[in-house]
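Biologist: Could you take me through one part of this model, the open and enclosed spaces and whatever surrounds them? Please stay with that and go slowly.

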Amino acid sequence: MKKQLLIAAVAATMTSAAMADISIAGDAKFEYFNDDYSGSTTDTNQTNTEVNLNIKGSNGDTKVVMDLELNTHDSTNNANTLDIEDLYMTTKVGMVDVKAGNYATGTSAILGEIDEGSRATNKVTLSTTYNGVKFYAGNTGGSTATVGNTELSTSMFAGVSGKVAGWTLEAKKLDATDEAYKIAGEVSGLGIRLETKNAQAANSDVTFGQLDYTINDVALTYAFLDVDNTDSLVGETDSAIFAVENGGKATARDNKQISAKGAIAGNTVTVKSGSIDKGISATKDLDYAQVAVSRALAAGSTLALTYTDKDHSATEDRQTFEIDLSVKF
């Protein structure tokens, strides 16, 4: 009997140890959308269900990450789709950190509000930090281009970032022709983020800027995109800042937005108002306004209500009301 108890205890310990290096987290949400058009476009009602799972496994300094998304993608027949979004490994080779696999660039990264941070297949990033300065380089695969007498991969990138007197500075070689620069910091409570894409092609530069200041517990933000005299230079379609993005709009140029965020009676309220130059057509701007209210519920979920009013065409507006019930686990 004692031997059986000992064996059971050892087996339980081994199982616990094996599971200790694997973690599963995620979130889920149910969304309802109502689109009301002021003109002849047919009004719509739509639902969407999304579940995201983040699975991590580790062995020493090596980690494997897999992000799964199950989503109906606003399908009218609610057809479920399983998407393996991220699948990559991180490890160390001496002083060099290695990240390899399929992964995306987020909106918080340099040019995150300018270029679409789409996932690349078989991407690799090598990085190391020396005296507080980070150096990195990588490749997303793809074609090659000849610059002078040198043939370069158009998907190679390299950069350096660090802090100087409290300011974050970053410079990145995006590909064989284009560069990006970033500065971010704070002056007397005023947060500043400024990024620019310096493209070799004529009239193809884009600058993103953001100013943040909190007064009486209300966070005020001014954000802008300054686009050169060429259309379709901004690819981002999943902005963390702008209520309406430039990405996907063929003639869109500058985007300017002001917003305020604060707490009212236990609710988080965010108001945004902005305009996209030539966002509808070469002669028509896209004006928009958005009000969002979210509240944590006692059951552990969060309820969010969002109302967006924006120009849809030269002759009609579009009002979207969204209900979002979500939970993290």
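Modeller: Sure, let's start with the wall of the largest pocket, where β1 (22-37), β2 (44-59), β3 (62-71), β17 (267-281), β18 (284-296), β19 (302-311) and β20 (317-328) each put in at least two residues. (Strands are DSSP E runs of at least two residues, numbered from the N terminus; a pocket is an open set of points on a 1 Å grid over the protein atoms alone, where a 1.4 Å probe fits, with protein on both sides within 12 Å along at least five of seven lines, and lining residues have an atom within 4 Å of a point.) Bear in mind that this is a predicted model, in which local features need pLDDT of at least 70 and side-chain atom pairs count only at 80 or more, while totals for chains, interfaces and linings use all residues. Residues are numbered from 1 along each chain as its sequence is written, and side-chain values use heavy atoms, with hydrogens and water left out.

The biggest contributor to that wall is β20, with seven residues. The pocket itself holds about 1600 Å³ (the space filled by probe spheres set on points joined across faces, edges and corners). Its lining runs to 44 residues, and K29, E31, D238, E322 and D324 come closest to the centre. Sorted by class, that lining has 16 charged residues, 17 polar and 11 nonpolar (Asp, Glu, Lys and Arg are charged; Ala, Val, Leu, Ile, Met, Phe, Trp, Tyr, Cys and Pro nonpolar; the others, Gly among them, polar).

Now for the second largest pocket, at about 970 Å³. Among its 38 lining residues, T105, A109, K123, F157 and K172 sit nearest the centre. Here the strands that give two or more residues are β4 (81-93), β5 (96-103), β6 (120-130), β7 (133-139), β10 (156-164) and β11 (167-173). The class tally is 14 charged, 13 polar and 11 nonpolar. Two of those central residues also meet each other: K172 lies over the face of F157, 5.0 Å from the ring centre (the cut-offs for Lys are NZ within 6 Å of the centre and within 35 degrees of the ring normal). Elsewhere, the charged end of K99 sits over the ring of Y88, at 4.5 Å from the centre.

What about enclosed space? The whole structure has one cavity of 30 Å³ or more (here the probe fits but cannot get out), and about 30 Å³ lies inside the largest cavity. Around that cavity are E113, L225, V234, E236, S239, F242, E245 and N246, which split into three charged, three nonpolar and two polar residues.

Two of these turn up again in the largest nonpolar core: L225 and F242, with V206, F208 and Y288, touch the most other members of its 20 (buried nonpolar residues, Pro left out, joined through side-chain atoms within 4.5 Å). β14, β15 and β18 each supply at least two residues, and β15 has the largest share, with three.

Finally, F242 has a partner there. Of the three aromatic pairs in the structure, one joins F208 and F242, whose ring centres are 6.2 Å apart with planes at 75°, so it's edge-to-face (centres within 6.5 Å, planes over 60 degrees apart). The pair ties together distant parts of the chain, 34 residues apart: F208 is in β14 (206-215), and F242 is in the loop between β15 (218-227) and β16 (255-264). F208 is buried at 0% relative accessible area, and F242 is buried too, at 5% (the cut-off is under 20%, with a 1.4 Å probe and protein chains only).

Terms used. Rings of Phe, Tyr and Trp (its six-membered ring) pair if their centres lie within 6.5 Å; planes under 30 degrees apart count as stacked, over 60 as edge-to-face and the rest as tilted. Helices (H or I, at least four residues) and strands (E, at least two) are DSSP runs, numbered from the N terminus. Buried means under 20% relative accessible area, exposed over 50%, partly exposed in between (1.4 Å probe, protein chains only).
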